[in-house]
Amino acid sequence: MATEEPLDNLDRRILRALQAQGRITYDELAAEVGLSPSAALRRVKRLEEAGVIAGYVALVRAESVGLGLTAYVNVRLEKQAESSKRNPMDLFRAAVQTWPEVVECVSLTGEMDYLLRVLVQDMAHYARFIADVLLRHPSVQDCKTSFVLDRVKATTAVPL
């Protein structure tokens, strides 16, 4: 939390309930955690203002909207920019924000610089993304891809 105030047991119970069902009413939330609705509302607002709760979203199943292929792409960048005053990582970070196929990008330690989670319709869509977008970026030196065969566990919930 912004004030580094530790989360108490009630905060954690509220967060678990909201992660399980983000559209729960304050009356239902209060009953689940043993508070009055007004006390539950105050705690949720405090968690929001402190940045513990970053936002609320609808989780869409990618397959149901035609995005049936998930790829994890390890990306290695050039270490020197040829003619740019910005370094390759800055260029790449800016570009990745504009690629709708990339739903997550993380910086890594080790041999590769970034890991991308890419959602596409099919292998042809993936091939176009790699050839026309990723490998054409001037900062990208190399990439290695793994495709998801079966999703064994997928959650957005933070363990509390």
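The expected span of a helix is 1.5 Å times one less than its number of residues. With that rule in hand, we can begin with helix α3 of this predicted model, which covers residues 37–49 and has 13 residues. From its first C-alpha to its last, α3 reaches 18 Å, close to the 18 Å expected at 1.5 Å a residue.

The next step is to ask which residues of α3 are buried. They are Ala39, Ala40, Arg43, Val44 and Leu47, where buried means that a residue has under 20% relative accessible area. Seen down the axis of α3, these buried residues fall within an arc of 135°, so they line one face of the helix. A general property of helices helps in reading such a pattern: an α-helix has 3.6 residues a turn, so residues three or four places apart point the same way. The face of α3 that is turned away from the buried side carries the exposed residues Arg42 and Glu49. On the buried side, the residues of α3 pack against α1, residues 9–20, and α2, residues 26–33. After α3 comes Gly51, whose phi is positive, near 85°.

Helix α2 can be read in the same manner, beginning with its buried residues, which are Leu29, Ala30 and Val33. Seen down the axis of α2, they fall within an arc of 100°, so they line one face of the helix. Asp27, Ala31 and Glu32 are exposed, and they are carried on the face of α2 turned away from its buried side. What covers the buried residues of α2 includes α1 and α3, and α2 is followed by Gly34, a residue whose phi is positive, near 80°.

A record adds a label to this part of the chain, since UniProt, in an unreviewed entry, places the feature "domain: HTH asnC-type" at residues 7–68. In the model, that span is 53% helix and 0% strand, and its end C-alpha atoms lie 38 Å apart.

We now turn to the strands. Strand β1, residues 69–77, runs antiparallel to strand β3, residues 114–120, and 7 bridges join the two; Asn74 stands opposite Leu115 in β3. β1 also pairs with β4 in the antiparallel sense, over 7 bridges, and here the bridge partner of Val75 is Cys143 in β4.

Helix α4, residues 88–96, has Pro88, Phe92, Ala95 and Val96 as its buried residues. Seen down the axis of α4, they fall within an arc of 95°, so they line one face of the helix. What covers them includes the strands β1, β2 (102–107), β3 and β4, together with helix α5. At the N-terminal end of α4, Asn87 acts as a cap, with a side-chain oxygen that lies 2.9 Å from the backbone nitrogen of Met89.

Our last stop is Ser139, which is found in the loop between α5 (123–134) and β4 (140–147). Is Ser139 buried or exposed? Its relative accessibility is 3%, and because buried means under 20%, Ser139 counts as buried. Leaving aside residues up to four places away in sequence, Ser139 touches Arg76, Leu77, Glu78, Pro88, Leu91 and Phe92. Among these neighbours is Pro88, a buried residue of α4, and the side chain of Ser139 reaches the backbone oxygen of Pro88 at 3.2 Å.

Key. Residues are numbered from 1 along each chain as its sequence is written. This is a predicted model: local features need pLDDT of at least 70, side-chain atom pairs count only at pLDDT 80 or more; totals for chains, interfaces and linings use all residues. Side-chain values use heavy atoms; hydrogens and water are left out. Helices (H or I, at least four residues) and strands (E, at least two) are DSSP runs, numbered from the N terminus. Buried means under 20% relative accessible area, exposed over 50%, partly exposed in between (1.4 Å probe, protein chains only). A polar contact is a pair of N or O atoms within 3.5 Å; within protein, one must be able to donate a hydrogen and the other to accept it, and residues adjacent in sequence count only if both atoms are side-chain atoms. Contact means heavy atoms within 4.5 Å. UniProt positions are given in the numbering used here, feature names are shortened, and annotations may be inferred rather than shown by experiment. The arc is that of the directions from the helix axis to the C-beta atoms. Two strands pair if DSSP finds at least two bridges between them.
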